[in-house]
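User: I have a model open and should like to go through it with you. Could we start with the loops and then move on to the sheets and the ligand?

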Amino acid sequence: MFDKVLVANRGEIAVRVMAACEELGCETVAVYSDADRNGGHVDYADVAYNVGPAPASESYLDQETIIDVAERAGADAIHPGYGFLAENADFARRVEETPDITWVGPPSDAMETLGEKTKARTVMQDAGVPVVPGTTEPVDDADEVRALGEEFGYPIAIKAEGGGGGRGMKIVRSEAEVDDALESARREGEAYFGNDSVYVEKYLEAPKHIEVQVLADRHGNVRHLGERDCSLQRRHQKVIEEAPSPALDADLRDEIGEAARQGVREAGYTNAGTVEFLVEDGEFYFMEVNTRIQVEHTVSEEVTGIDIVRWQLRVAAGEALAFAQDDVGIDGHAIEYRINAENPAADFTPTPGQLTTYRPPTSIGIRLDHAVAQGDEIGGDYDSMIGKLIVRGDDRDHCLERSKRALEHFDVDGVHTTIPFHRLMLDDGTFVAGDHTTKYLDHELEADALEAAVDRWGPAETADGDGTGSTSSEVTVEVDGKRFDVVIEDALPRTTAGSADTGGGTSGGTATTDTAEVATADAITAEMQGTILSVAVDEGDEVAAGDVVCVLEAMKMENDVVAATGGTVETVPITAGDSVDMGDTLVTLE
Ligand code: MV4
């Protein structure tokens, strides 16, 4: 095993990798930018080196500096995490060529082959893996594209050779759109990937995104760890991922898993990787290979019990995979919720700021991968992820029930988060049924529903003053020995300063809070000590349930005392100005 591993990344994934290193007895080296001097990954590492200014291009993407630091630190391996340099074949090659330092990832040659989409399609086809009908050579001109449109039928997709994540993909719905689409796919390919080569596929309208986790060693062993369903995406950003997929049966699961194994074997692949497929009408089609550890690897770990990052390090160090394919079982269900500092009601725009409250849920079935603590700043220099909540259950229904509990008890203030969005999904019929496709969020989610979710479950305060509950404050009172959280709305005099923190995990206006029921059947009594400000009823009046009978000032607040049931007023033993004790009768009804 390695002695000292440099983790060329930040945030939760850097900490995740360092955790695996620690368990394997490797020392850890962090790199950080000026913006991350107080980063969680810096704290976690044994040693840490500044690699430059905040912009990633000048720090986390600075290949030379990172390799230089690895040498200076005496590291014997580099783990890239995900993002940044993780899928950069040139960087992998530079590490491979650096004496005494091992690249914790696939061979650079395999990364290069699979990074070019037509080459990847060719490799998969050769391995007998179904690919989306289309070309395995780049297309040259619009006439060729039109001929393919005829052949497959519209819609078709023009995709950039270097593409991924939806960039450089153009959907063409008719012959007339071909010229423009071809030109813009080329332009995007050139701009994003420095490669204006494009190819064509038949476009599937509403597929599921299913990806298979694979692990391969340098002794010819390839295993798959089942699939993940990442169909719930918004503008090509994954928000919720789960394992296993609610859309596959056991046969399809085996078939797709075996296809993924065959494919990566053919590519000469080692280490961890993900083979992405589109699934529609019970058929699966290869889409692309991700040659890195992924954000959502966690759900596969939870259902297989296999530590993928640990195996990344072990196979990179030359060890053989110590389990057979038949030893890999899927036990239970896991869902990952990406907790991002974004406002779901404002098009998921990032909302950097300070985590004034950060209290994640705990207890059975919950895993939290994060690198932040209460008081930390979520900056604007990198992605907006705060952390990942991973929930495990015996089956999908159990996992969803547990997820409700977990998200309800995830208290964050100071920034907007995706928590209200997740809570909305847990009440969403299509998601709960597992019927959502990759089109679902972009085409069917209503803006109103997102706004309502943020109003209901969003933070009380944010740095930009945009919190949903900022016009009311909350106090906790004990009435007759029972605890009540009382929301003081703007309409009431705000003499009770500040908001009480009950530690009870209530998160702003949820149904978990009792409202003070200030009446019994016949006698309406005072539920707290106070002064009668006014009396609204006389003997003989008819009152209905919910009518105000008097106003009681207590704790510097005016409280409307209401009748719980209707009836005729029998006696009114109080007048304005009286002071009453808890339990005193205010009004009796016949
Ligand atoms: C497709 C497709 C339908 N048919 N290719 C989007 C990201 C890029 N990696 C590939 N993508 C797609 N390729 C064909 N031939 C639909 C998508 C797609 C998608 C795929 C996975 C997850 C979410 C998606 C959302 C929209 C479109």
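Analyst: A good starting point is Pro155, which lies in the loop between helix H7 (142-152) and strand S6 (156-164). Helices (H or I, at least four residues) and strands (E, at least two) are DSSP runs, numbered from the N terminus. The peptide bond from Tyr154 to Pro155 is cis, with omega near 0 degrees.

User: Before we continue, what kind of model is this, and how are residues numbered?

Analyst: This is a predicted model, in which local features need pLDDT of at least 70 and side-chain atom pairs count only at pLDDT 80 or more, while totals for chains, interfaces and linings use all residues. Residues are numbered from 1 along each chain as its sequence is written, and side-chain values use heavy atoms, with hydrogens and water left out.

User: What is the average pLDDT of the protein?

Analyst: The average is 91, and 93% of the residues score at least 70. The pLDDT is the predictor's confidence in each residue, from 0 to 100.

User: Where is the pLDDT below 50?

Analyst: Residues 491-520 have a pLDDT below 50. Beyond near neighbours in sequence, this stretch has 56 contacts in the model, a contact being heavy atoms within 4.5 Å.

User: Back to the backbone. Which residue is joined to Pro244 by a cis peptide bond?

Analyst: Ala243 is joined to Pro244 by that cis bond, with omega about -10 degrees. Pro244 sits in the loop between strand S13 (240-243) and helix H9 (250-266).

User: Why are such bonds worth noting, and why look at positive phi values?

Analyst: Both are noted because most peptide bonds are trans and most residues other than glycine have a negative phi. Asn271, which is not a glycine, has a positive phi of about 75 degrees, and its place is in strand S14 (residues 271-280).

User: Which residue takes a positive phi in the hairpin of S25 and S26?

Analyst: Asp480 does, with a phi near 55 degrees, in a hairpin that has two residues between the strands. Strand S25 (residues 473-479) and strand S26 (residues 482-488) run antiparallel and are joined by seven bridges. Within that pairing, Val479 stands opposite Lys482 in S26.

User: Now the sheets. What is the strand order in the parallel one?

Analyst: The order is S3-S2-S1-S4-S5, in an open sheet of five strands. Two strands pair if DSSP finds at least two bridges between them. Strand S3 (47-52) and strand S5 (102-103) stand at the edges with a single partner strand each, so one side of each is left without a neighbour in the sheet. Strand S2 (residues 27-33) pairs with S3 in the parallel sense over five bridges, and Val31 has Tyr49 in S3 as its bridge partner.

User: And which strands are at the edges of the four-stranded sheet?

Analyst: That open sheet has the order S27-S34-S32-S29, with antiparallel pairing. Its edge strands are S27 (523-525) and S29 (542-543), each of which pairs on one side only. S27 is joined to strand S34 (residues 585-589) by three bridges, and Ala523 stands opposite Thr588 in S34.

User: What does S28 pair with?

Analyst: Strand S28 (residues 530-535) pairs with strand S33 (residues 579-580) in the antiparallel sense over two bridges. Four bridges also join S28 to strand S30 (residues 548-554), again antiparallel. Gly530 has Val580 in S33 as its bridge partner, whereas Val535 stands opposite Cys550 in S30.

User: Last topic, the ligand. Which residues come nearest?

Analyst: Of the 16 residues around the ligand, Lys159, Glu201, Lys202, Leu204 and Glu288 come nearest; a residue is near if one of its heavy atoms lies within 4 Å.

User: How far are the side chains of Lys159 and Glu201 from a nitrogen atom of the ligand?

Analyst: For Lys159, an N or O atom of the side chain is 2.9 Å from a ligand nitrogen atom. For Glu201, the corresponding distance is 2.8 Å. A polar side-chain atom of Glu288 lies 3.2 Å from a nitrogen atom of the ligand.

User: How much of the ligand does the protein bury?

Analyst: The protein buries 93% of the 520 Å² that the ligand exposes when taken alone. Accessible areas come from the Shrake-Rupley method with a 1.4 Å probe.

Technical notes: Polar contact = N/O pair within 3.5 Å; in protein donor to acceptor, adjacent residues only side chain to side chain.
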